[in-house]
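I am opening a notebook on this chain and will write down, entry by entry, what I looked up and what I found.

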Amino acid sequence: MNRILMTGGGTAGHVTPNIALFPRLKELQYDISYIGSYDGIEKKLIKEQNIPYYGISSGKLRRYFDLKNFSDPFKVIKGYHEAKKLLKQLKPDIIFSKGGFVTVPVVLAAKKSKIPVIIHESDMTPGLANKICIPSASKICCNFPETLNHLPKDKAVLSGSPIREELHQGNKKKGLDFCGFTSQKPVLMVIGGSLGSVAINDAIRAILPDLLNDFQIIHLCGKANVDATLLDVKGYVQYEYVHKELANLFAASDLVISRAGANAICELLALRKPNILIPLPAASSRGDQILNAKSFERQGFSKVLEEDKITGDLLLKTIHDLYTNKTKYIAAMEQSTQNDAIKIITELIEKLTN
């Protein structure tokens, strides 16, 4: 039996694509183990999957001044020695790394141990952790055609992002019933991320009466962002967060408004959902969501609005335009080669293992 070690952490986005690969890897008879940080979000998510989990020391590498910049390199060095020890113990045939700072010691230790590594880069341009890891990688998978220009040509593979199989199993009727909706009116789903987006929440609620003339609305508004004054509005439902019902809600939705995190938009692409992307502004991020959104717009998958330029009239007009032209967006998404990520990545794993 071949052994694969997977790593990635810091955010759910560095873990869920790994989890999406588990079922196919198990079918291929891989023995899977996982390295993450001692107490990162990845620990809980991986343990829920009943995959052996090993924690190592992890330090953040920053481009800006911070007192922790003096102590964190020592955490990385400690993590490197812990990773080396684990590689000796687990004897993996291959390593798959999804990014985040916990992966740096693992990938560097793998190079030292001559174990092949596949890296996956979600965003348009590689983050700092992956930049450090790229020279040690055998192959680098990515989500966007434009990313290929930032990677060594002999290592780069356009794969798209692995999407959890259960998202494809959604049931439209169950989704509509869960919300108390009818099948006679189209459904718009609004997703602001796990913490929600105040800007998106406010913009939607400001045009709610107009929107409800033509749409039923599912609003995933984030933790503590439910508006109690709107709980009894017919055709509008709010949830802080949904987990098990998400696949059914996607199945029930005709249009989606979303942030432009790489995993989120790859899910929209895989599910062929016409969408409006409102990326995090550059002031609140390293600008990766703006680049992600522009790539999807160029490829004909999405409409894009800038958060600070949204007005009620513009948002309303964009939603109606998207609905009118939805078949054009679905057709563009169906032509994409970025939909077979699990197949492309597992075939790459098989090739490098054997």
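**Entry 1: the first sheet, from one edge.** I began with Gly 36, and its bridge partner in β3 is Gly 55. The model is a predicted one, and I keep that in mind for every entry that follows. I then looked up the pairing around these two glycines, and found that β2 and β3 run parallel and are joined by 4 bridges. Widening the view, I noted an open sheet of 7 strands with parallel pairing, in the order β3-β2-β1-β4-β5-β6-β7. Its edge strands are β3 (53-56) and β7 (156-158), each of which pairs on one side only. From one strand to the next I read an average twist of 25 degrees. Helix α1 packs on this sheet, where it touches β1, β2 and β4, and its direction makes about 170 degrees with that of β1.

**Entry 2: strand β5 within that sheet.** I asked how many residues of β5 (residues 117-121) are buried, and the count is 5 of its 5 residues. Sorting them by side, I have Val 117, Ile 119 and Glu 121 on one face and Ile 118 and His 120 on the other, all of them buried, and both faces are thus recorded as covered. This fits a general point that I note for reference: in a regular strand the side chains alternate between the two faces of the sheet.

I next followed the two neighbours of β5. Strand β4 (residues 94-97) runs parallel to β5 and is joined to it by 3 bridges, and Ile 95 stands opposite Val 117 of β5. Between these two strands the chain passes through helix α4 (residues 103-112), and the β-α-β crossover is right-handed. Towards strand β6 (residues 139-142), β5 again pairs in the parallel sense, here over 4 bridges, and Glu 121 has Cys 142 of β6 as its bridge partner. With helix α5 (residues 128-133) in between, β5 and β6 make a right-handed β-α-β unit.

**Entry 3: helix α1 and what it packs against.** I looked up which residues of α1 (residues 16-27) are buried, and they are Pro 17, Asn 18, Ile 19, Ala 20, Leu 21, Phe 22 and Leu 25. These buried residues pack against strands β1 (3-7), β2 (31-37) and β4, and against helices α2 (41-47), α10 (262-270) and α14. After α1 comes Gln 29, for which I noted a positive phi, near 70 degrees.

I then took the pair of α1 and α14 (residues 341-353) by itself: the axes are 10 Å apart and the packing angle is about 60 degrees. The two helices are therefore oblique to each other, and α1 passes α14 in a right-handed crossing. On the α1 side the contact is made by Ala 20, Leu 21, Arg 24 and Leu 25, and on the α14 side by Ile 342, Ile 345, Thr 346 and Ile 349.

**Entry 4: Leu 45.** Is Leu 45 buried or exposed? Leu 45, whose place is in helix α2, has a relative accessible area of 19%, and because buried means under 20% it counts as buried. Leaving aside neighbours within four places in sequence, I found Leu 45 in contact with Ala 12, Val 15 and Ile 19. For Ile 19 I also noted the separation from Leu 45, which is 26 residues in sequence and 8.5 Å in space, C-alpha to C-alpha.

**Entry 5: the second sheet.** I turned to an open sheet of 6 strands, with parallel pairing and the order β10-β9-β8-β11-β12-β13. Its edges are β10 (236-239) and β13 (302-304), and since each has a single partner strand, one side of each is left without a neighbour in the sheet. The twist here averages 15 degrees from one strand to the next.

Inside the sheet, strands β8 (residues 187-191) and β9 (residues 216-220) run parallel and are joined by 5 bridges, with Met 189 having Ile 218 of β9 as its bridge partner. Helix α11 (residues 288-298) packs on this sheet, touching β12 (275-277) and β13, and its direction makes about 130 degrees with that of β13.

I finished at the β10 edge, where β9 and β10 run parallel and are joined by 4 bridges, and where His 219 has Gln 238 of β10 as its bridge partner. Which way do the residues of β10 point? Tyr 236 and Gln 238 point one way and Val 237 and Tyr 239 the other way, and all are buried.

Methods: Residues are numbered from 1 along each chain as its sequence is written. This is a predicted model: local features need pLDDT of at least 70, side-chain atom pairs count only at pLDDT 80 or more; totals for chains, interfaces and linings use all residues. Side-chain values use heavy atoms; hydrogens and water are left out. Buried means under 20% relative accessible area, exposed over 50%, partly exposed in between (1.4 Å probe, protein chains only). Two strands pair if DSSP finds at least two bridges between them. A crossover is right-handed if, with the strands pointing away from the viewer, the path from the first strand over the helix to the second runs clockwise. Axes are lines fitted to C-alpha atoms, for helices over the stretch in contact, and angles run from 0 to 180 degrees between N-to-C directions. Contact means heavy atoms within 4.5 Å. Angles under 35 degrees count as roughly parallel, over 145 as roughly antiparallel, 65 to 115 as roughly perpendicular and the rest as oblique. A crossing is left-handed if the near helix is turned anticlockwise from the far one by less than a right angle, and right-handed if clockwise.
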